[in-house]
Amino acid sequence: MARRRHKKRTHVGAQNRSSNGVLPNSSAIRGPKTLVVRMGAGDVGSSVSQLVKDVRNMMEPGTASRLKARLTLQLVDIPIKADGQQERKSNRLRDYTTMAGPLGVTHLLLFSRSSTGNTNLRLALFPRGPTLHFRVERYSLCKDVRKAMKHPKGGGKDYLSSPLLVMNNFISPEEGDQSKRSVPKHLETLSTTIFQSLFPPISPQSTPLSSIRRVLLLDRQVPESTATNDRAEDNPYVINLRHFAIVTKPMGLSRCIRRINAAARTRKEHASSKGLPNLGKLKDVADYILDPSAAGGGFTSGSESEMDTDAEVEVVNANRKKVVSRKQAEEARKSEGAGQHGGTEAQRRAVKLIELGPRITLRMTKVEEEVCGGKVMWHEYLSKSEDQIQQMERVWETRKRDKAERKRVQKENVEKKRISKASNRVATDDVQEGAQNDDDSNGSESWDDEISETG
């Protein structure tokens, strides 16, 4: 007989289950996961559909990048398919929120288009909210950004790690009248926290610098002085989103040496000789470096020896070293001398940011308490008095009580049905058992009659 299969990875009693009762695949110990979708796939248009794909690439690796083929999350150990495998026009918000829980999704980014033609974005924190509503005022796709650049940069391995989030001007200064603010102070802190939770936190002590390959810049437009503006609508909450790739190159090298280094790196990674200078007609590599007309190299000016940079930094060489004995380490330390900061080598590197796209300008219009619903915490175009706010609070309290009462009644009805089914099942079993006993008794009597007749 074949042995019964026991689940060792996903079962409740698996060995990889943590001691505190939290599964290793649960959202409590994993990083944030986002789901970028478009509501009304046939209504948003091709440009917004491409914008959704660009945003998915920007949110890599903690997002469902292949949502069009199937609603799965890449980093989930077991891919879970949703009820509808493709984004269809008939898909509703409930379809995505239902699958967000099993997939471990923490943030929902919903793109849609209104009847007036405005493109909107809803950023919801799953599963309890809140939800930030934005109007997409302007945007540029990744392909448009690449066309505008002379030397665009592709993705490659840059999308294997999360980008570095840089936020600017998200907290307004304390000065000024609070009534003239575009967004209240507590909502500014709330929006800052929500954007910070989109990506996993970075520890400067433990995170290697080589893993930080991209930068996501969120720059809030500085509101004008409230002294000249009497209305809060004159200072809208506008955020400019930019996406860059980080490129570093060693400083102090001529263009010839940089060209050889780049060709060697390309050949090592892709086994290709593309970009390698032709030195077949030269007798020595020094001729390539010193001769102005040799293989397109030659003497270079100071401007050619340095690249166009945004900043220059010193990076400590973090390469792994071979483990040696204590005696060998002391001899190496003595030979290196005390002027090298304990044996670590610092290298000056030029840092340059190359834009990847997309560019998006967002304007906050509304903040809701729950996931795409609930009480409106703030609205850009509507303002309420204290009496209206208290009345709204009473309305929502009544709704919450009614909802709790409906849940209680529904729970009682379910329990009654369960008890009724159990009692009916017991009664049915008793009837069947009684009928079987009657059949057995009738059969035994007929058997005795036959025996007496034959006798």
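**Exercises: a histidine and two cores**

In this predicted model, a polar contact of 2.9 Å links the side chains of histidine 107 and serine 197. Let's build on that.

**Exercise 1.** Work out whether histidine 107 is buried or exposed, and find its surroundings.

*Solution.*
- Step 1: Locate the residue. Histidine 107 sits in strand S2.
- Step 2: Check its accessibility. Buried means under 20% relative accessible area, and histidine 107 has 2%, so it counts as buried.
- Step 3: Look for another side-chain partner. A polar contact of 2.8 Å joins histidine 107 to threonine 106.
- Step 4: Look further along the chain. Skipping neighbours within four places in sequence, histidine 107 touches residues including Pro32, Leu35, Ala124, Ile194 and Ser197.

**Exercise 2.** Find which helix or strand gives the most residues to the largest nonpolar core.

*Solution.*
- Step 1: Get the core's size. The largest nonpolar core has 33 residues, and Val55, Phe111 and Met364 are among those with the most contacts inside it.
- Step 2: List the suppliers. Elements giving at least two residues each include helix H1 (46-58), helix H4 (185-196) and strand S10 (359-370).
- Step 3: Pick the winner. H1 gives the most, with 5 residues.
- Step 4: Don't stop there! A second, separate core has 15 residues, among them Ala64 and Met99.

**Exercise 3.** Decide whether cysteine 142 and cysteine 372 are buried or exposed, then count the disulfides.

*Solution.*
- Step 1: Cysteine 142 has 9% relative accessibility, so it is buried.
- Step 2: Cysteine 372, at 19%, also falls under the 20% cut-off and therefore counts as buried.
- Step 3: Searching the whole structure turns up 0 disulfides.

How values were computed
Residues numbered from 1 in each chain as written. Predicted model: local features only at pLDDT ≥ 70, side-chain atom pairs only at ≥ 80, totals over all residues. Heavy atoms only, no water. Core = buried A, V, L, I, M, F, W, Y, C linked by side-chain atoms within 4.5 Å. Buried < 20%, exposed > 50% of the residue type's maximum accessible area, 1.4 Å probe, protein only. Helix = DSSP H or I, 4+ residues; strand = E, 2+ residues; numbered from the N terminus. Disulfide = S-S within 2.5 Å. Polar contact = N/O pair within 3.5 Å; in protein donor to acceptor, adjacent residues only side chain to side chain. Contact = heavy atoms within 4.5 Å.
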